[in-house]
Amino acid sequence: MNQGDGPLRLLQVVVWKEWREHGLVITVLAVFGLATLIATALLAQPGNPSAPATDIVRFLGLGRLAAVMLVMTAGMVCGSALFANERENGTFTYLETLPISRAWLWLAKLVAGLVLTLLLLLVNLVTAVLAGVVPFGSPLLALSVYAAMAFAWGVLGSTWTRSTLAAVGVGVLAAVVTAIILLVPMLMVWSVPGQPWLRPRGLYLFVSLMVAVPLGLSWWHFTGPDRRRAAEDRQASLFPWRRVHYPLLACLWLVRRQWRWPVLILAGIALTGGLFLTLPLVTAWLFWLPLALFLGALIAVLSLSDEQIHATHRYWGEQRLPVVALGLTKLIGAAIVLGLLLLILTIPLLVRAQVGNYLEKGRGYTLLATLFRSPLFDELGGHGWRLLLLPAFYGFAAGWLCSLLIRKRVPAMGVAVIVGGMAALLWMPSLLAGGTHAWQLWTPPLIWLLTGLVLLPAWAKERLGYQRGWLTLLGGLGISAVILAGSLFGRIWEIPANPEAEADIAYVSSLPSLDANPAGRDMRTAAEVCARQASALLARYDEPGRALSDSTGRPVRLEERLDNAFRMGWPEEGRDPFLNQWLDALYNEQAVAAIPANPTSATPLQPWFTLAQNAAHDWTGLYEHPQLLGGVNNWTTYDNARRLALAVLARGLQLQRRGQPDRFPEFLHVTLGLIQHLRHGAPLQGFYTALEVERLTLSALERWLEAPHPPAWLPLYHAAQLLERHDNAAAPTHSFDPTPYFLTERYLLREAFNAPSQWLPTYLGLSKHFLDRDPPEVEMILLAWNVPWERERNRRLLGLGLESGLPSDPTFLIGRPGFGLILGHMRNPAEVVEHERYLRTVRRVTILRLALHCYFQQFQEYPPALELLVRQGLLAAVPVDPYAPTPEPIHYRLTRPEVTNAEGRQGELLRNPPLTLHERRLLLQAPATPPIEVFIPAQEPLVWSIGPDQIDQGGRNAPLGLIFNLSRPPDLVFLARPQNPR
């Protein structure tokens with residue numbers, strides 16, 4: 001090359017030179033790879049995906065494994081020969097004499113090696129695909145990545161060594177060590193919990209670093225002589241736009257020299273602490289906090305201990321080195337050491353998480369929960385990092401300040417631990433209550449660090465005791481104390497005060513006392529005994545040999561057959577004898593008396609059905625008193641209520657099938673009393689259980705009207721009167737107010753906040769290690785939520801009405817344990833109102849159906865207007881339409897002979913509006929559409945509500961229950977005549 005030739009000419013020459021020197025080797029490798037891949041494709045067995053991953057040969061197959069080895073060999077050989085071969089042949093000196101910088105020479109050699117690697121890689125990949133060893137697609141990309149990593153580490157080995165063989169060995173060894181160093185922190189952040197592999201984001205970063213790190217180190221090492229020559233000419237610069245001054249280099253040298261040996265000793269201490277955290281009986285996260293505090297204070301004190309003990313800070317005072325720059329350098333160096341020690345402290349926990357079976361310990365949705373084996377960090381979320389790093393940061397800041405003020409290490413260390421620990425301890429309750437802000441946590445220790453930097457010049461000149469020194473110290477400490485106290489009490493004032501915050505307590509106090517609630521207590525006892533005895537009898541009458549089968553041959557269990565009876569009617573004795581035998585046994589006093597009593601509950605003196613019947617006479621009882629719930633809804637108790645209703649209503653349908661339809665009202669009376677008990681003073685869970693029981697009751701009423709043995713006039717009249725009385729009690733006003741149910745929910749949430757030990761262990765999935773104490777997570781949360789400022793904050797949080805939905809900015813709840821419990825209590829008031837309104841409509845339609853049947857049995861025709869039902873004494877008043885904006889009667893008419901169907905009958909054709917495009921997309925079997933019109937014979941009674949749109953369409957829609965409805969039509973239309981008479 002000549003002096004005027006540029007980098008492009010250099011690139012051409014180097015590529016030609018590399019091909020001339022290594023072309024034969026490349027050709028041999030290409031031929032060898034071609035033969036190997038073809039031979040393995042013809043002779044070797046393909047990969048077996050079902051083989052264990054540890055058996056690499058069987059899992060990948062010999063052909064694919066050969067492809068991996070060939071591409072990695074190609075990359076490693078081409079990279080290793082770039083610079084080491086020049087030293088072996090003695091031509092490296094000639095390269096150094098070329099009139100061009102080493103950076104351009106390195107780049108030219110790199111491009112030449114890439115060209116050769118790409119040629120060899122292309123031959124191997126094309127052969128592998130054509131031979132069927134590797135499929136086309138992502139496996140080719142993976143092989144290219146392997147070749148790139150091998151080439152990069154080969155280049156690094158070639159830069160460091162003098163022979164190609166040594167370059168291969170050094171490159172492989174350096175790659176393994178670097179991979180381990182990179183994987184340890186990456187597995188802490190991007191690993192799959194309990195699994196030894198990275199998530200996609202971490203994998204991409206790992207691959208990028210495994211290529212960039214060796215290339216960067218190779219460039220740095222190869223271009224070092226140029227930088228040293230430039231430094232000798234005082235024209236060197238670490239960065240092109242900035243010159244590194246000697247004092248800063250001296251500061252860096254001093255910090256490195258002082259930390260050289262202490263880091264090794266401290267690393268051993270940190271590793272020992274990490275091993276201690278892995279002991280079986282040690283709560284890792286709880287002991288982490290003091291260990292992190294100790295390490296933070298220790299590192300900060302040691303950062304200035306040499307200057308304090310040997311009085312070398314006077315050298316600083318003479319301005320031999322820049323004081324602030326040196327102090328800042330030592331501060332940053334100490335922070336780096338602290339971060340390294342915390343990482344070492346975590347390594348044993350990471351190893352345990354990877355090799356242990358954490359799935360048996362808890363949930364482990366997040367990294368910290370996996371490392372510390374505590375589901376508490378799943379609740380804290382990102383605030384868990386703040387909890388773990390806070391003691392270390394406060395200890396570090398306190399240690400930095402104490403190392404300036406106290407000359408001896410041990411007293412400085414002790415004061416730093418006390419001061420930093422007390423300040424961090426003030427924030428622990430808030431971190432366990434959620435809603436902390438980063439500026440609140442980190443501002444006080446940052447002020448301590450800044451105060452220490454400001455005091456450095458006075459400390460170096462031994463003038464801390466003068467006025468300027470102690471005023472600076474008092475000012476910094478005072479500002480941090482004000483911010484700390486203001487932030488803690490500001491947590492109270494950031495929650496707006498609600499004057500109705502404790503309305504729930506007043507509401508629960510207005511309910512009947514526990515002693516004045518015998519009816520509700522008896523109903524609850526009857527439901528518990530009924531459910532227990534029903535489950536015990538299921539073991540006798542629901543054996544595999546006694547289970548019926550459906551059309552597909554699937555066995556249908558007894559409980560499923562019981563639910564079917566409410567949809568299709570009670571089966572005959574011969575069709576399902578075991579269901580009838582089970583219900584007979586449940587109502588047999590001798591049979592239920594033979595069942596052993598539950599030792600955890602009182603056994604009633606009367607049979608459960610007698611107890612329930614007597615309790616149903618008093619509709620003021622509370623099925624579940626809020627004061628007995630203990631802050632947590634009892635799903636089992638409410639499920640018992642549903643099972644009681646099923647048994648009672650099933651008994652009424654069974655007796656009707658046996659020819660006793662007139663007894664159904666007595667069973668209807670029991671379920672209506674149960675509904676009233678469930679609704680009275682109940683949380684939303686009780687309210688929804690009452691709705692479910694009422695749906696079962698109304699469904700049983702329909703089966704009662706449709707059964708082969710129709711009821712007489714008097715039972716119909718009694719049923720209508722009972723249901724009308726129930727409607728008046730359940731809906732005393734036209735507009736439904738769900739406030740009482742939400743107040744009870746708030747009361748339960750308040751009780752849960754006041755006593756987290758009753759629900760938090762189960763909620764977190766923790767088990768008590770000792771019978772007389774809670775798990776550490778629960779004890780810490782219990783203490784945290786009872787400090788004065790957090791207790792007042794909890795009271796204000798409850799006053800916001802969280803039971804009716806989250807506020808627009810719920811950041812003050814983020815990181816709070818039990819946040820899922822709050823979400824579980826929340827309901828939309830509009831949703832509750834809609835459920836109640838629709839059930840009111842169905843209930844009042846059922847009342848009208850009962851009264852209309854009574855009228856029909858008297859006059860053999862249906863009345864033209866509902867007022868006739870009132871005149872005949874069948875109803876006290878015409879039911880009101882729940883969807884009407886103002887109270888107005890529900891709508892009623894007789895169908896008119898408008899059209900004639902194919903059978904020659906006259907009547908009306910009721911149509912639903914056509915489906916919208918969105919509704920059509922919701923259909924499971926497109927393009928099939930449900931029927932949108934139904935023929936109703938003339939003189940059939942129709943009852944309808946104006947529906948959610950509150951527009952009267954004249955009841956021209958198809959009746960509900962006759963066709964498939966994706967969404968409710970404009971009017972809710974019902975037929976009064978039984979739809980499926982038997």
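The following exercises, with worked solutions, concern a predicted model of a protein.

Residues are numbered from 1 along each chain as its sequence is written. Because the model is predicted, local features need pLDDT of at least 70 and side-chain atom pairs count only at pLDDT 80 or more, while totals for chains, interfaces and linings use all residues; side-chain values use heavy atoms, with hydrogens and water left out.

**Exercise 1. Describe the overall make-up of the protein.**

Step 1. Helices (H or I, at least four residues) and strands (E, at least two) are DSSP runs, numbered from the N terminus. The protein comes to 40 helices and eight strands.

Step 2. A residue is buried under 20% relative accessible area, exposed over 50%, and partly exposed in between (1.4 Å probe, protein chains only). Of the 982 residues, 49% count as buried.

Step 3. Accessible areas come from the Shrake-Rupley method with a 1.4 Å probe; for residues, only the protein chains shown count as cover. The accessible surface of the protein is about 46900 Å², and 63% of this belongs to carbon and sulfur atoms.

**Exercise 2. Determine which residues of helix α19 are buried and which nonpolar patch involves Ile-418.**

Step 1. Helix α19 covers residues 409–431 and has 23 residues. From first C-alpha to last, α19 reaches 31 Å, close to the 33 Å expected at 1.5 Å a residue; the expected span is 1.5 Å times one less than the number of residues.

Step 2. The buried residues of α19 include Ala-412, Gly-420, Trp-427 and Leu-431.

Step 3. Ile-418 also lies in α19, but Ile-418 is exposed, at a relative accessible area of 58%.

Step 4. Together with Val-415, Val-419, Met-422 and Leu-425, Ile-418 makes a nonpolar surface patch of about 460 Å². Patches are made of residues with over 30% relative accessible area and no salt bridge: like charges are joined within 9 Å, and nonpolar side chains (Val, Leu, Ile, Met, Phe, Trp, Tyr) within 5 Å.

**Exercise 3. Characterise the surroundings of Arg-491.**

Step 1. Arg-491 lies in helix α21, residues 467–493.

Step 2. The relative accessible area of Arg-491 is 0%, so Arg-491 is buried.

Step 3. Contact means heavy atoms within 4.5 Å. Neighbours within four places in sequence aside, the contacts of Arg-491 include Trp-427, Ser-430, Glu-790 and Arg-793.

**Exercise 4. Analyse the salt bridges of Arg-561 and Glu-692.**

Step 1. A salt bridge is a side-chain nitrogen of Lys or Arg within 4 Å of a carboxyl oxygen of Asp or Glu. By this rule the count is 30.

Step 2. Arg-561 and Asp-576 meet in a salt bridge at 2.8 Å, N to O. Arg-561 lies in helix α24 and Asp-576 in the loop between α24 and α25, so the pair ties together parts 15 residues apart in sequence. Both residues are buried.

Step 3. Glu-692 forms a salt bridge with Arg-642, the closest N and O atoms being 3.8 Å apart. Since Arg-642 lies in helix α29 and Glu-692 in helix α31, this pair ties together parts 50 residues apart in sequence.

Step 4. Glu-692 also forms a salt bridge with Arg-695, at 3.9 Å between the closest N and O atoms. Both lie in α31, three residues apart, about one turn of the helix.

Step 5. Glu-692 is partly exposed, with a relative accessible area of 29%.
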